[in-house]
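Visitor: I would like to understand the labels people put on a model like this one. Could you take me through them?
Guide: Gladly; here is the entry.

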Amino acid sequence: MSAEKTITITDSTGVHARPATVLVNKAGSFASDVTVEYSGKSVNLKSIMGVMSLGIPKDAEIKVVASGSDEEEAIEAIYEVIKKEGLGE
C-alpha cells in the first residue's frame, strides 16, 4: 500500500531552494519512503538535489507518494508544509 496526493504548485517561482529544503527536512522526519513525481520523473523527496533537479515550475501538477509505516502522516504533513509555504494547494 501507499498514500499519494496530487498538488498544483501556485508559487510564482515554483519549487525553489528554500521551500524545497523545508520539504526535504519534513520528508526526512518520516520512516516511509517519500517520492515526488513530476513530468514523468520520480525522485526521493528526502534528497534536495533530486527535488531541485525536477525544476518544478508554477502551475505544475506534482504527485507526492509515500509508502511505509507512517505513509498517511507523511502525506498530510508534506501537504501542510506545501500550503504553509505558499507553494501550492
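Visitor: What makes S2 and strand S3 (residues 41–44) a pair?
Guide: Two strands pair if DSSP finds at least two bridges between them. S2 and S3 have four bridges, in the antiparallel sense, so they count as a pair under that definition. One of the partners is easy to find: threonine 35 bridges to asparagine 44 in S3. The hairpin of S2 and S3 has two residues between the strands, and serine 39 there takes a positive phi near 55 degrees.

Guide: A word on the source: this is a predicted model, where local features need pLDDT of at least 70, side-chain atom pairs count only at pLDDT 80 or more, and totals for chains, interfaces and linings use all residues. Residues are numbered from 1 along each chain as its sequence is written, and side-chain values use heavy atoms, with hydrogens and water left out.

Visitor: How do you know which strands S4 pairs with?
Guide: By the bridges again. Strand S1 (residues 3–8) and strand S4 (residues 61–67) share six, running antiparallel, and S2 is joined to S4 by five, also antiparallel. Valine 65 of S4 is the bridge partner of glutamate 4 and of threonine 35, while valine 36 has valine 64 as its partner in S4.

Visitor: What makes one face of S2 covered and the other uncovered?
Guide: Val34, Val36 and Tyr38 form the covered face, and Asp33, Thr35 and Glu37 the uncovered one. In a regular strand the side chains alternate between the two faces of the sheet.

Visitor: Why are the buried residues of H1 said to lie on the same side?
Guide: Buried means under 20% relative accessible area and exposed over 50%, with partly exposed in between (1.4 Å probe, protein chains only). In helix H1 (residues 17–27; helices are DSSP runs of H or I, at least four residues, and strands are runs of E, at least two, numbered from the N terminus), the buried ones are Pro19, Ala20, Leu23, Val24 and Ala27. They cover an arc of only 145 degrees around the axis, which puts them on the same side of H1; the arc is that of the directions from the helix axis to the C-beta atoms. Arg18 and Asn25 are exposed, on the face turned away from the buried side.
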